[in-house]
Amino acid sequence: MKRGKRAGGFTLIEMIVALVISSMLAVVVVSGLYLGIRSWQAVTGRIDSNSDAAVSVHALRQILEAAEYTYIRDTNGERQTAFYGEVDRMIFVAPTDPLDEDRLYWIMVSVEELDSGAKTLVLHREHFETQDYLDEELEFEEPNPLHNVDWQQRVDELQQLSSTPLFRVPGFNGVRFEYLRIEPDELPRWETEWEVEPYLPVTIKLEFDTGPDVEWPELYIQPKVKAYEFKQLL
């Protein structure tokens, strides 16, 4: 008597092997992140706490860690978190005053060239005047400022506002942003764009171009709201 064909799908052993391999790769990625964090701490630990570089790193970390879960709809009606990430800029919603965390702002962090010709990392911000909408289901008869958000228009509007320098380091030529995606049953991976996503990236990586004379390690920053989920991998 012939045996029947095996039903489609994975066997239990195949699933266990796949999960073990995925777990091992996740540990490698997490270990790499902590190695990067330790190397950054080793460098910044040698910087005078009153120097421009130390102040810049502290301000940058505080702002990126404060990114909030706020949901909007784009011009196509897609519901997503209010976080737009590209390789050279980010837009998100966050407080900028630790003593007034209920007051939120649209924030854009990007590289700009100063009048002197030097480049710097700057912050543009605009009041986020929609607190009354945050806990709702985004369904209103009246015009809702959380609807029909055009990200390119947001970039153009924020660029028209005055900027605040964030990163004052000699020889700074630019920065590259990448975003860590960790999802169930998938391998962790770095993305160069973060658009139309239902959640914030687990970690934001910054690679600095400071020229041959000053070498800065990669900087890894976790939004505080994602830090707990990241720790569950350890």
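User: What makes the largest nonpolar core a core, and which of its residues touch the most other members?

Analyst: A nonpolar core is a set of buried Ala, Val, Leu, Ile, Met, Phe, Trp, Tyr and Cys residues joined through side-chain atoms within 4.5 Å, where buried means under 20% relative accessible area, exposed over 50% and partly exposed in between, with a 1.4 Å probe and protein chains only. The largest such set in this predicted model has 31 residues, of which Leu60, Phe92, Val109, Phe177, Leu206 and Phe208 touch the most other members. At least two residues of this core come from each of helix H2 (52-65), strand S4 (89-95), strand S5 (104-113), strand S6 (119-127), strand S7 (163-167), strand S8 (174-181), strand S10 (203-209) and strand S11 (219-221). H2 gives the largest share, four residues. A second core stands separate from it, with 14 residues, among them Ile72, Ala82, Trp106 and Val149.

User: Which rules stand behind the model and its numbering?

Analyst: Residues are numbered from 1 along each chain as its sequence is written, and side-chain values use heavy atoms, with hydrogens and water left out. As the model is predicted, local features need pLDDT of at least 70 and side-chain atom pairs count only at pLDDT 80 or more, while totals for chains, interfaces and linings use all residues.

User: How do you know whether Val175 is buried or exposed?

Analyst: Val175, which has its place in strand S8, has a relative accessible area of 11%, and therefore counts as buried. Leaving out residues up to four places away in sequence, its contacts (heavy atoms within 4.5 Å) are with Val87, Asp88, Val111, Leu121, Leu206, Glu207 and Phe208. Although Leu206 is 31 residues from Val175 in sequence, the two C-alpha atoms are 6.4 Å apart in space.

User: What makes S8 and S10 a pair?

Analyst: Two strands pair if DSSP finds at least two bridges between them, and S8 and S10 have seven, in the antiparallel sense, so the condition is met. Along this pairing, Phe177 stands opposite Leu206 in S10; Phe177 also touches, among others beyond four places in sequence, Met90, Val109, Leu121 and Ile204. Strand S10 in turn is joined to S11 by three bridges, again antiparallel, with Lys205 facing its bridge partner Tyr220 in S11. Five of the seven residues of S10 are buried, which leaves the strand mostly covered.

User: Why are S3 and S7 called edge strands?

Analyst: They belong to an open sheet of five strands with the order S3-S4-S5-S6-S7 and antiparallel pairing. S3 and S7 each have a single partner strand, so one side of each is left without a neighbour in the sheet. On average, neighbouring strands of this sheet are turned by 30° against each other, direction ignored. For S3, the partnership with S4 rests on three antiparallel bridges, and Tyr84 stands opposite Ile91 in S4.

User: How do you know that Thr81 is buried?

Analyst: Thr81, found in strand S2 (residues 79-81), has a relative accessible area of 0%, so it is classed as buried. Apart from neighbours within four places in sequence, Thr81 is in contact with several residues, including Tyr69, Ile72, Trp151, Pro198 and Leu200.

User: Which terms fit Asp185 and Val196: buried, partly exposed or exposed?

Analyst: Asp185, in the loop between S8 and strand S9 (189-191), reaches 71% relative accessibility and therefore counts as exposed. Val196 has its place in the loop between S9 and S10, and its 41% makes it partly exposed. Neither is a glycine, yet phi is positive in both, about 65° for Asp185 and near 50° for Val196.

User: What is known about the confidence in the chain and its elements?

Analyst: The pLDDT, the predictor's confidence in each residue from 0 to 100, averages 76 over the chain, and 64% of the residues score at least 70. Among the elements, strand S3 (residues 83-85) has the highest mean, 96, and helix H4 (residues 224-231) the lowest, 58. Over residues 1-6 the value is below 50, and this stretch has two contacts beyond near neighbours in sequence. Residues 230-234 also stay under 50, with 11 contacts beyond four places in sequence.

Terms used
Axes fitted to C-alpha atoms, helices over the stretch in contact; angles between N-to-C directions.
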